[in-house]
Amino acid sequence: MPKVLVTTGGGDCPGLNAVIRAIVKRAEQTKKWEVYGSMEAFNGVLRSPKEILPLDDEKVAGIHAKGGTILQTTNKGGPFNWPVKKDDGSWTAEDRSDEMIEYLKREGFEVVINIGGDGSQQISYDLHKKGLNVIGVPKTIDNDLASTDYTFGFQTAVDIATDAVDKLVTTAASHHRLMILEVMGRGAGWIALHSAIGGGAEVCLIPEIPYNLDKVLNRLNSRYNAGKGFAIIVIAEGAKPKEGSIMSRESTEVGYRNVRLGGVAYQLSDQLKKAGFENDIREMVLGHLQRGGTPVAYDRVLATQFGVKAMEMAINGEYGRMVSFLDHEITSVSLEQATKGQNLVDPNGFLVQAAKGVGISFGD
(Lines give C-alpha, C1' and ligand atoms only; values in the text may rest on other atoms or scores of the structure.)
Protein backbone atom coordinates (compact mmCIF):
# COMPACT_ATOMS: atom_id res chain seq x y z
CA MET A 1 0.00 0.00 0.00
CA PRO A 2 1.32 3.51 -0.77
CA LYS A 3 2.18 5.61 2.26
CA VAL A 4 1.53 9.26 2.95
CA LEU A 5 3.54 11.14 5.57
CA VAL A 6 1.88 14.05 7.38
CA THR A 7 3.95 16.83 8.97
CA THR A 8 3.00 19.94 10.94
CA GLY A 9 5.63 22.68 11.01
CA GLY A 10 6.06 26.25 12.21
CA GLY A 11 3.95 27.76 14.97
CA ASP A 12 1.04 25.79 16.40
CA CYS A 13 -2.37 26.80 15.16
CA PRO A 14 -6.00 25.99 16.04
CA GLY A 15 -7.29 23.57 13.40
CA LEU A 16 -4.14 21.52 12.80
CA ASN A 17 -5.67 18.42 14.35
CA ALA A 18 -8.78 18.79 12.19
CA VAL A 19 -6.58 18.65 9.07
CA ILE A 20 -4.79 15.53 10.31
CA ARG A 21 -8.10 13.86 11.13
CA ALA A 22 -9.57 14.67 7.70
CA ILE A 23 -6.52 13.25 5.91
CA VAL A 24 -6.73 9.99 7.84
CA LYS A 25 -10.48 9.59 7.44
CA ARG A 26 -10.38 10.30 3.69
CA ALA A 27 -7.47 7.87 3.24
CA GLU A 28 -9.27 5.10 5.13
CA GLN A 29 -12.21 5.36 2.75
CA THR A 30 -9.95 4.27 -0.11
CA LYS A 31 -8.60 1.25 1.82
CA LYS A 32 -5.49 1.66 -0.33
CA TRP A 33 -3.38 4.18 1.59
CA GLU A 34 -1.50 4.12 4.86
CA VAL A 35 -1.04 7.36 6.76
CA TYR A 36 1.89 8.16 9.03
CA GLY A 37 2.89 11.24 10.98
CA SER A 38 6.35 12.68 11.61
CA MET A 39 6.83 14.27 15.01
CA GLU A 40 7.88 17.93 15.06
CA ALA A 41 7.67 18.50 11.32
CA PHE A 42 10.50 16.77 9.43
CA ASN A 43 12.60 16.41 12.57
CA GLY A 44 10.93 13.08 13.32
CA VAL A 45 12.36 11.70 10.08
CA LEU A 46 15.81 13.16 10.68
CA ARG A 47 16.24 11.98 14.26
CA SER A 48 17.70 8.65 15.27
CA PRO A 49 15.72 6.67 16.20
CA LYS A 50 12.99 7.92 13.85
CA GLU A 51 9.88 9.45 15.39
CA ILE A 52 7.27 8.37 12.86
CA LEU A 53 3.96 6.89 13.97
CA PRO A 54 1.05 5.28 12.11
CA LEU A 55 -2.18 7.27 12.07
CA ASP A 56 -5.55 5.54 11.99
CA ASP A 57 -9.15 6.28 12.84
CA GLU A 58 -8.63 5.46 16.50
CA LYS A 59 -5.69 7.86 16.87
CA VAL A 60 -7.56 10.79 15.32
CA ALA A 61 -10.94 10.24 16.97
CA GLY A 62 -12.24 13.52 18.36
CA ILE A 63 -9.06 15.52 17.79
CA HIS A 64 -10.80 18.07 15.51
CA ALA A 65 -12.03 19.87 18.63
CA LYS A 66 -8.58 20.10 20.22
CA GLY A 67 -6.03 22.86 19.75
CA GLY A 68 -2.37 22.31 18.98
CA THR A 69 -1.24 19.26 17.04
CA ILE A 70 -0.93 15.62 18.07
CA LEU A 71 2.21 15.48 15.89
CA GLN A 72 3.75 18.42 17.75
CA THR A 73 5.51 21.12 15.77
CA THR A 74 8.67 23.18 15.57
CA ASN A 75 10.17 26.13 13.75
CA LYS A 76 13.73 24.92 14.32
CA GLY A 77 15.86 22.48 12.39
CA GLY A 78 14.44 20.84 9.29
CA PRO A 79 16.03 19.08 6.32
CA PHE A 80 17.92 22.10 5.01
CA ASN A 81 19.12 23.54 8.33
CA TRP A 82 19.74 20.67 10.72
CA PRO A 83 21.61 22.02 13.78
CA VAL A 84 24.89 20.26 14.60
CA LYS A 85 27.03 20.99 17.63
CA LYS A 86 30.73 21.28 16.91
CA ASP A 87 33.56 20.17 19.17
CA ASP A 88 34.18 23.71 20.39
CA GLY A 89 30.58 24.00 21.60
CA SER A 90 29.38 26.24 18.78
CA TRP A 91 26.59 25.30 16.40
CA THR A 92 26.40 24.97 12.64
CA ALA A 93 23.70 23.85 10.22
CA GLU A 94 23.79 20.95 7.76
CA ASP A 95 21.71 20.23 4.66
CA ARG A 96 20.28 16.73 5.16
CA SER A 97 17.58 16.96 2.51
CA ASP A 98 19.09 14.38 0.14
CA GLU A 99 19.50 11.90 2.98
CA MET A 100 15.89 12.43 4.07
CA ILE A 101 14.45 12.13 0.56
CA GLU A 102 16.37 8.89 -0.01
CA TYR A 103 15.02 7.44 3.25
CA LEU A 104 11.40 8.37 2.50
CA LYS A 105 11.52 6.86 -0.97
CA ARG A 106 13.22 3.71 0.32
CA GLU A 107 10.53 3.27 2.95
CA GLY A 108 7.73 3.55 0.40
CA PHE A 109 6.38 7.02 1.16
CA GLU A 110 4.60 8.11 -1.99
CA VAL A 111 3.93 11.68 -0.86
CA VAL A 112 4.41 14.10 2.02
CA ILE A 113 1.55 16.38 3.07
CA ASN A 114 3.26 19.31 4.76
CA ILE A 115 0.97 21.55 6.84
CA GLY A 116 2.54 24.90 7.61
CA GLY A 117 3.02 28.58 6.93
CA ASP A 118 5.29 30.46 4.54
CA GLY A 119 8.54 28.98 5.87
CA SER A 120 7.13 25.45 5.81
CA GLN A 121 5.78 25.86 2.28
CA GLN A 122 9.17 27.13 1.10
CA ILE A 123 10.59 23.87 2.45
CA SER A 124 7.80 22.03 0.59
CA TYR A 125 8.74 23.74 -2.66
CA ASP A 126 12.49 23.15 -2.20
CA LEU A 127 11.91 19.44 -1.49
CA HIS A 128 9.60 19.15 -4.50
CA LYS A 129 12.29 20.66 -6.73
CA LYS A 130 14.66 17.95 -5.46
CA GLY A 131 12.29 15.18 -6.53
CA LEU A 132 10.12 14.51 -3.47
CA ASN A 133 6.36 14.36 -3.98
CA VAL A 134 4.96 17.07 -1.71
CA ILE A 135 1.52 18.59 -1.17
CA GLY A 136 1.24 21.72 0.95
CA VAL A 137 -1.57 22.76 3.29
CA PRO A 138 -1.55 26.46 4.29
CA LYS A 139 -1.57 27.21 8.00
CA THR A 140 -1.07 30.45 9.89
CA ILE A 141 -3.04 32.55 12.33
CA ASP A 142 -1.59 35.64 10.60
CA ASN A 143 -3.51 34.89 7.36
CA ASP A 144 -0.45 36.11 5.43
CA LEU A 145 0.06 33.23 2.99
CA ALA A 146 -0.09 34.12 -0.68
CA SER A 147 -2.54 32.41 -3.05
CA THR A 148 -5.21 31.63 -0.47
CA ASP A 149 -7.92 33.99 0.77
CA TYR A 150 -7.98 32.51 4.28
CA THR A 151 -6.00 30.09 6.37
CA PHE A 152 -7.42 28.06 9.24
CA GLY A 153 -6.54 29.30 12.72
CA PHE A 154 -6.96 32.93 11.73
CA GLN A 155 -10.62 33.17 12.76
CA THR A 156 -9.91 31.61 16.15
CA ALA A 157 -7.10 34.11 16.73
CA VAL A 158 -9.38 37.00 15.73
CA ASP A 159 -12.10 35.80 18.11
CA ILE A 160 -9.60 35.60 20.98
CA ALA A 161 -8.21 39.06 20.21
CA THR A 162 -11.68 40.56 19.87
CA ASP A 163 -12.69 39.03 23.20
CA ALA A 164 -9.59 40.65 24.72
CA VAL A 165 -10.67 44.05 23.36
CA ASP A 166 -14.14 43.55 24.84
CA LYS A 167 -12.65 42.80 28.24
CA LEU A 168 -10.25 45.73 28.10
CA VAL A 169 -13.11 48.13 27.35
CA THR A 170 -14.73 47.50 30.73
CA THR A 171 -11.57 48.03 32.75
CA ALA A 172 -10.51 51.01 30.59
CA ALA A 173 -13.88 52.67 31.12
CA SER A 174 -13.75 52.05 34.86
CA HIS A 175 -10.36 53.74 35.24
CA HIS A 176 -10.53 56.32 32.40
CA ARG A 177 -7.47 54.70 30.87
CA LEU A 178 -5.94 54.18 27.49
CA MET A 179 -5.41 50.45 26.94
CA ILE A 180 -2.92 49.29 24.29
CA LEU A 181 -3.42 45.71 23.11
CA GLU A 182 -0.54 44.12 21.20
CA VAL A 183 -1.50 41.22 18.95
CA MET A 184 0.48 38.98 16.60
CA GLY A 185 1.26 39.94 13.02
CA ARG A 186 4.85 40.22 11.80
CA GLY A 187 4.28 41.65 8.36
CA ALA A 188 0.51 41.42 8.07
CA GLY A 189 -2.02 43.25 10.21
CA TRP A 190 -5.07 41.06 9.61
CA ILE A 191 -5.59 40.05 13.27
CA ALA A 192 -5.20 43.63 14.47
CA LEU A 193 -7.52 44.99 11.77
CA HIS A 194 -10.31 42.46 12.31
CA SER A 195 -10.20 42.64 16.11
CA ALA A 196 -10.07 46.45 16.07
CA ILE A 197 -13.21 46.57 13.95
CA GLY A 198 -14.92 43.77 15.87
CA GLY A 199 -14.03 45.26 19.25
CA GLY A 200 -14.64 48.91 18.38
CA ALA A 201 -11.12 50.23 18.98
CA GLU A 202 -10.29 53.87 18.38
CA VAL A 203 -6.86 53.24 16.86
CA CYS A 204 -5.48 50.32 14.83
CA LEU A 205 -1.77 50.22 13.97
CA ILE A 206 -0.57 47.64 11.43
CA PRO A 207 2.70 46.88 9.59
CA GLU A 208 1.27 47.89 6.21
CA ILE A 209 0.56 51.47 7.35
CA PRO A 210 3.48 53.08 9.25
CA TYR A 211 1.96 55.46 11.76
CA ASN A 212 2.46 59.13 12.50
CA LEU A 213 2.55 59.56 16.28
CA ASP A 214 1.05 63.06 16.13
CA LYS A 215 -2.01 61.73 14.30
CA VAL A 216 -2.46 58.95 16.83
CA LEU A 217 -2.20 61.53 19.61
CA ASN A 218 -4.73 63.81 17.91
CA ARG A 219 -7.23 60.94 17.64
CA LEU A 220 -6.86 60.12 21.33
CA ASN A 221 -7.12 63.74 22.45
CA SER A 222 -10.25 64.29 20.36
CA ARG A 223 -11.88 61.32 22.07
CA TYR A 224 -10.95 62.43 25.56
CA ASN A 225 -11.95 66.03 24.82
CA ALA A 226 -15.35 64.77 23.68
CA GLY A 227 -15.95 63.41 27.17
CA LYS A 228 -15.13 59.76 26.42
CA GLY A 229 -12.68 59.11 29.25
CA PHE A 230 -11.05 55.99 27.84
CA ALA A 231 -9.72 54.56 24.58
CA ILE A 232 -8.46 51.31 23.04
CA ILE A 233 -5.52 50.88 20.67
CA VAL A 234 -4.90 47.58 18.89
CA ILE A 235 -1.38 47.30 17.53
CA ALA A 236 0.22 44.46 15.55
CA GLU A 237 3.64 43.31 16.79
CA GLY A 238 5.20 44.29 13.44
CA ALA A 239 3.80 47.84 13.37
CA LYS A 240 6.26 50.70 13.27
CA PRO A 241 6.26 54.51 13.20
CA LYS A 242 7.01 56.32 9.95
CA GLU A 243 10.35 57.41 11.32
CA GLY A 244 11.39 54.21 13.02
CA SER A 245 11.73 50.43 12.84
CA ILE A 246 9.98 47.37 14.24
CA MET A 247 10.68 46.17 17.78
CA SER A 248 12.80 43.04 17.38
CA ARG A 249 15.72 41.17 18.85
CA GLU A 250 17.89 38.31 17.72
CA SER A 251 16.98 34.90 19.09
CA THR A 252 19.53 32.91 21.08
CA GLU A 253 17.67 29.64 20.47
CA VAL A 254 19.63 27.07 18.48
CA GLY A 255 18.16 26.55 15.02
CA TYR A 256 15.65 29.43 15.24
CA ARG A 257 16.23 31.75 12.29
CA ASN A 258 13.59 34.48 12.73
CA VAL A 259 14.06 37.60 14.80
CA ARG A 260 11.77 37.74 17.81
CA LEU A 261 9.16 40.46 17.85
CA GLY A 262 7.28 41.85 20.81
CA GLY A 263 7.12 44.89 23.03
CA VAL A 264 5.77 47.39 20.54
CA ALA A 265 2.89 48.17 22.93
CA TYR A 266 5.39 49.42 25.52
CA GLN A 267 7.27 51.37 22.88
CA LEU A 268 4.08 53.10 21.79
CA SER A 269 3.12 53.83 25.40
CA ASP A 270 6.50 55.47 26.00
CA GLN A 271 6.19 57.49 22.77
CA LEU A 272 2.76 58.80 23.76
CA LYS A 273 3.91 59.80 27.24
CA LYS A 274 6.91 61.66 25.85
CA ALA A 275 4.62 63.39 23.32
CA GLY A 276 2.52 64.79 26.15
CA PHE A 277 -0.38 62.35 26.58
CA GLU A 278 -1.33 62.85 30.21
CA ASN A 279 -3.91 60.14 30.89
CA ASP A 280 -3.17 56.75 32.40
CA ILE A 281 -1.93 54.10 29.97
CA ARG A 282 -1.79 50.34 30.44
CA GLU A 283 -0.31 47.83 28.03
CA MET A 284 -1.23 44.22 27.33
CA VAL A 285 0.66 41.79 25.09
CA LEU A 286 -1.77 39.03 24.12
CA GLY A 287 1.02 36.75 22.90
CA HIS A 288 0.53 33.03 22.51
CA LEU A 289 -3.01 33.07 23.86
CA GLN A 290 -3.99 33.87 20.27
CA ARG A 291 -2.81 30.55 18.93
CA GLY A 292 -3.92 28.28 21.76
CA GLY A 293 -7.10 26.58 22.82
CA THR A 294 -10.07 25.11 21.00
CA PRO A 295 -10.54 26.09 17.32
CA VAL A 296 -13.81 27.82 16.50
CA ALA A 297 -16.28 26.05 14.20
CA TYR A 298 -15.21 28.06 11.15
CA ASP A 299 -11.61 26.89 11.46
CA ARG A 300 -12.64 23.28 12.07
CA VAL A 301 -14.73 23.31 8.90
CA LEU A 302 -12.05 25.00 6.78
CA ALA A 303 -9.32 22.72 8.14
CA THR A 304 -11.44 19.64 7.41
CA GLN A 305 -11.95 20.77 3.83
CA PHE A 306 -8.21 21.36 3.46
CA GLY A 307 -7.40 17.89 4.81
CA VAL A 308 -9.86 16.10 2.53
CA LYS A 309 -8.61 18.09 -0.48
CA ALA A 310 -4.97 17.32 0.32
CA MET A 311 -5.64 13.59 0.54
CA GLU A 312 -7.64 13.62 -2.71
CA MET A 313 -4.73 15.41 -4.38
CA ALA A 314 -2.45 12.63 -3.12
CA ILE A 315 -4.81 9.97 -4.51
CA ASN A 316 -4.85 11.74 -7.88
CA GLY A 317 -1.10 12.33 -7.98
CA GLU A 318 -1.38 16.14 -7.92
CA TYR A 319 2.03 16.81 -6.43
CA GLY A 320 3.97 20.04 -6.13
CA ARG A 321 0.86 21.98 -5.22
CA MET A 322 -0.71 23.62 -2.17
CA VAL A 323 -4.35 23.45 -1.13
CA SER A 324 -5.99 26.85 -1.41
CA PHE A 325 -9.24 28.64 -0.57
CA LEU A 326 -9.93 31.04 -3.41
CA ASP A 327 -13.20 32.78 -4.24
CA HIS A 328 -15.12 30.51 -1.84
CA GLU A 329 -13.78 27.36 -3.54
CA ILE A 330 -11.35 24.75 -2.20
CA THR A 331 -8.78 24.41 -4.97
CA SER A 332 -4.99 24.25 -5.31
CA VAL A 333 -2.10 26.32 -6.62
CA SER A 334 1.49 25.42 -7.48
CA LEU A 335 3.98 25.57 -4.63
CA GLU A 336 5.98 27.99 -6.76
CA GLN A 337 3.03 30.38 -6.86
CA ALA A 338 2.22 29.82 -3.17
CA THR A 339 5.69 30.87 -2.06
CA LYS A 340 5.77 34.14 -4.02
CA GLY A 341 5.02 37.11 -1.80
CA GLN A 342 2.60 37.46 1.09
CA ASN A 343 -1.08 38.17 1.62
CA LEU A 344 -0.94 41.65 3.14
CA VAL A 345 -3.59 44.16 4.14
CA ASP A 346 -4.31 46.58 1.31
CA PRO A 347 -4.12 50.09 2.80
CA ASN A 348 -6.60 51.20 0.14
CA GLY A 349 -8.84 48.15 0.40
CA PHE A 350 -12.46 48.21 1.50
CA LEU A 351 -11.79 46.69 4.94
CA VAL A 352 -9.43 49.53 5.86
CA GLN A 353 -11.85 52.05 4.38
CA ALA A 354 -14.71 50.51 6.38
CA ALA A 355 -12.62 50.83 9.55
CA LYS A 356 -11.93 54.46 8.77
CA GLY A 357 -15.63 54.90 8.01
CA VAL A 358 -16.46 54.10 11.63
CA GLY A 359 -13.76 56.41 12.95
CA ILE A 360 -10.81 54.08 13.48
CA SER A 361 -7.48 55.86 13.03
CA PHE A 362 -4.44 54.14 11.49
CA GLY A 363 -2.14 57.04 12.29
CA ASP A 364 -1.78 57.89 8.60
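Which residue of β2 does L5 stand opposite? In this predicted model, L5 faces Y36 in β2. The two strands concerned, β1 and β2 (residues 34-38), run parallel and are joined by four bridges. They belong to an open sheet of seven strands. Its order is β3-β2-β1-β6-β7-β14-β15, and the pairing is mixed. The edges are formed by β3 (52-55) and β15 (329-334), each of which pairs on one side only. From one strand to the next, the twist averages 30 degrees. Strands of a sheet pair through backbone hydrogen bonds, in either the parallel or the antiparallel sense.

On its other side in this order, β1 is followed by β6. β1 and β6 pair in the parallel sense over six bridges. Within that pairing, K3 has F109 of β6 as its bridge partner. β6 spans residues 109-116 and is mostly covered, with seven of its eight residues buried. β6 also runs parallel to β7 (residues 134-138), to which five bridges join it. There, V112 stands opposite V134. Helix α1 (residues 16-30) lies across β1, β2, β3, β6 and β7. The helix runs at about 155 degrees to β6.

P2 precedes this sheet's β1 (3-8), in the segment before the strand. Is P2 buried, partly exposed or exposed? P2 counts as partly exposed, because its relative accessibility is 29%. Beyond its neighbours within four places in sequence, P2 is in contact with K32, W33, E34, G108 and E110. One of these, E34, falls within β2 (residues 34-38). Another, E110, falls within β6 (residues 109-116). The C-alpha atom of P2 is also separated by 9.7 Å from that of I315, a residue 313 places away along the chain.

The second sheet described here is open and has four strands, in the order β9-β10-β8-β13. Its pairing is parallel. The edge strands are β9 (203-205) and β13 (281-285), and each pairs on one side only. Neighbouring strands are turned by 15 degrees against each other on average, direction ignored. Between β8 (residues 178-183) and β10 (residues 231-236) there are six bridges, and the two strands pair in the parallel sense. I180 has I233 of β10 as its bridge partner. Helix α6 lies across β8, β10 and β13. Relative to β8, α6 runs at about 165 degrees.

Which residues have the most contacts inside the largest nonpolar core? They are I115, V137, F152 and F362, in a core of 65 residues. Helix α6 (residues 154-175) contributes eight residues, the largest share of this core. Another core, of 19 residues, lies apart from it; among its members are Y224, A231, A239 and V264. V137 shows how the contacts of one residue in the largest core are spread. Leaving aside neighbours within four places in sequence, V137 is in contact with V19, I113, N114, I115, G116, Q121, F152, F306, A310, M322 and V323. Two of these, I115 and F152, are also listed with V137 among the residues with the most contacts inside the core.

Helices α7 (residues 190-199) and α12 (residues 350-357) also meet. Their axes come within 10 Å and cross at roughly 35 degrees. The crossing is left-handed. W190, L193, H194 and I197 of α7 meet L351, V352 and A355 of α12. Of the residues in this contact, six are nonpolar, one is polar and none is charged.

Several backbone features stand out. Most residues other than glycine have a negative phi, and most peptide bonds are trans. The peptide bond from S48 to P49 is cis, with omega near 0 degrees. P49 is found in the loop between α2 (43-46) and β3. A41 has a positive phi of about 60 degrees although it is not a glycine. A41 sits in the loop between β2 and α2. A41 counts as buried, because its relative accessible area is 9%. H328 has a positive phi as well, near 65 degrees. This residue is found in the loop between β14 (321-326) and β15. H328 counts as exposed, because its relative accessibility is 71%.

Technical notes: Residues are numbered from 1 along each chain as its sequence is written. This is a predicted model: local features need pLDDT of at least 70, side-chain atom pairs count only at pLDDT 80 or more; totals for chains, interfaces and linings use all residues. Side-chain values use heavy atoms; hydrogens and water are left out. Axes are lines fitted to C-alpha atoms, for helices over the stretch in contact, and angles run from 0 to 180 degrees between N-to-C directions. A crossing is left-handed if the near helix is turned anticlockwise from the far one by less than a right angle, and right-handed if clockwise. Contact means heavy atoms within 4.5 Å. Ala, Val, Leu, Ile, Met, Phe, Trp, Tyr, Cys and Pro count as nonpolar, Asp, Glu, Lys and Arg as charged, and the others, Gly among them, as polar. A nonpolar core is a set of buried Ala, Val, Leu, Ile, Met, Phe, Trp, Tyr and Cys residues joined through side-chain atoms within 4.5 Å. Buried means under 20% relative accessible area, exposed over 50%, partly exposed in between (1.4 Å probe, protein chains only). Two strands pair if DSSP finds at least two bridges between them.
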